[in-house]
Amino acid sequence: LLPAACVVACAVLASYAATWLSGRASRRQGRSRLLPQAYVSTYRVVDAFPHDPDAFTQGLCIDDDGSMWESDGLYGESRVRQVDVATGKTVEGTQVMLPGNVFAEGLTAMPGHKLVQL
C-alpha cells in the first residue's frame, strides 16, 4: 500500500506542476488562467502507540505478516529493526546496524519477506 500511495502522490504533484507551469506560460502571453483547487485531505487519530523518542526515523513500513519495520539513525548510527507496535521497543534479534558511512533513508517491504532501503 505504501509504494502505491507514493506513486499516486507523485502523479498528483506532477499533474499540479504541469498545470502551474502552463498557467505561467499563459500569463506571460497575456492570458489569465486559474489553477485548480488543491485537494485537502482530512484525518482522524484512531489510536496512539509508544515510540523511541531518540529514533531519527527515516523509513517505516508494515510487511506481509503485519510486522512493523523501521530504519532510523544518522551517519554512524543508522539501523534497520523490527519494532513491537505495542511497546515501541526493538524485537530481539532483528536489529541490524549499518556501516558508519551509510545514512539509513526510506524503507519499504516487498513480497517474499524482503526489505528495500535507499
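Which residue is the bridge partner of Thr-108 in S6? In this predicted model, the partner is Val-116. The pair belongs to two antiparallel strands, S5 (residues 107–110) and S6 (residues 114–117), which are joined over four bridges. Three residues lie between S5 and S6 in their hairpin, and Gly-112 in the turn has a positive phi of about 85°.

**Overall composition**

One helix and six strands make up the secondary structure of the chain. Along the sequence the helix comes before the strands, in the pattern α-β-β-β-β-β-β. Of the 118 residues in the chain, 22% are buried. The exposed area of the chain is about 8800 Å², and carbon and sulfur atoms supply 61% of that area. Among contacts with a separation of 6 or more, 40% are between residues 24 or more positions apart.

**The four-stranded sheet**

Strands S1 to S4 form an open sheet in the order S1-S2-S3-S4, with antiparallel pairing. S1 (57–62) and S4 are the edge strands, each pairing on one side only. The table lists the strand pairs of this sheet, with one facing residue pair for each.

| Strand pair | Bridges | Residues standing opposite |
|---|---|---|
| S1 and S2 | five bridges | Thr-57 and Asp-72 |
| S2 and S3 | five bridges | Trp-69 and Gln-82 |
| S3 and S4 | two bridges | Val-80 and Val-96 |

S2 covers residues 68–72, and S4 covers residues 96–97. The hairpin of S2 and S3 has six residues between the strands, and Gly-73 there takes a positive phi near 115°.

**Strand S3**

How many of the five residues of S3 are buried? Five of the five are buried, so S3 (residues 79–83) is largely enclosed by the rest of the structure. The side chains divide between two directions: Arg-79, Arg-81 and Val-83 point one way, while Val-80 and Gln-82 point the other way. The buried set in this strand therefore includes Arg-79, Arg-81 and Gln-82 as well as Val-80 and Val-83, each with under 20% relative accessible area.

**The nonpolar core**

Seven residues form the largest nonpolar core: Cys-61, Trp-69, Val-80, Leu-98, Ala-104, Leu-107 and Ala-109. Two of these core residues also appear in the table: Trp-69, which faces Gln-82, and Val-80, which faces Val-96. Leu-98 is in contact with two other core members, Val-80 and Ala-104. Beyond its neighbours within four places in sequence, Leu-98 also contacts Ser-78, Arg-79 and Gln-117.

**Thr-94 in the S3–S4 loop**

Thr-94 is found in the loop between S3 and S4. Is this residue buried or exposed? Thr-94 counts as buried because its relative accessibility is 14%, against a limit of under 20%. The side chain of Thr-94 reaches the backbone oxygen of Val-91 at 2.6 Å. Leaving out residues up to four places away in sequence, Thr-94 touches Trp-69, Val-80, Arg-81 and Gln-82. Among these, Trp-69 and Val-80 are members of the largest nonpolar core, while Arg-81 and Gln-82 are buried residues that point opposite ways from S3.

How values were computed: Residues numbered from 1 in each chain as written. Predicted model: local features only at pLDDT ≥ 70, side-chain atom pairs only at ≥ 80, totals over all residues. Heavy atoms only, no water. Buried < 20%, exposed > 50% of the residue type's maximum accessible area, 1.4 Å probe, protein only. Contact = heavy atoms within 4.5 Å. Areas by Shrake-Rupley, 256 points an atom, 1.4 Å probe, with all protein chains shown as cover. Core = buried A, V, L, I, M, F, W, Y, C linked by side-chain atoms within 4.5 Å. Pairing = 2+ DSSP bridges. Polar contact = N/O pair within 3.5 Å; in protein donor to acceptor, adjacent residues only side chain to side chain.
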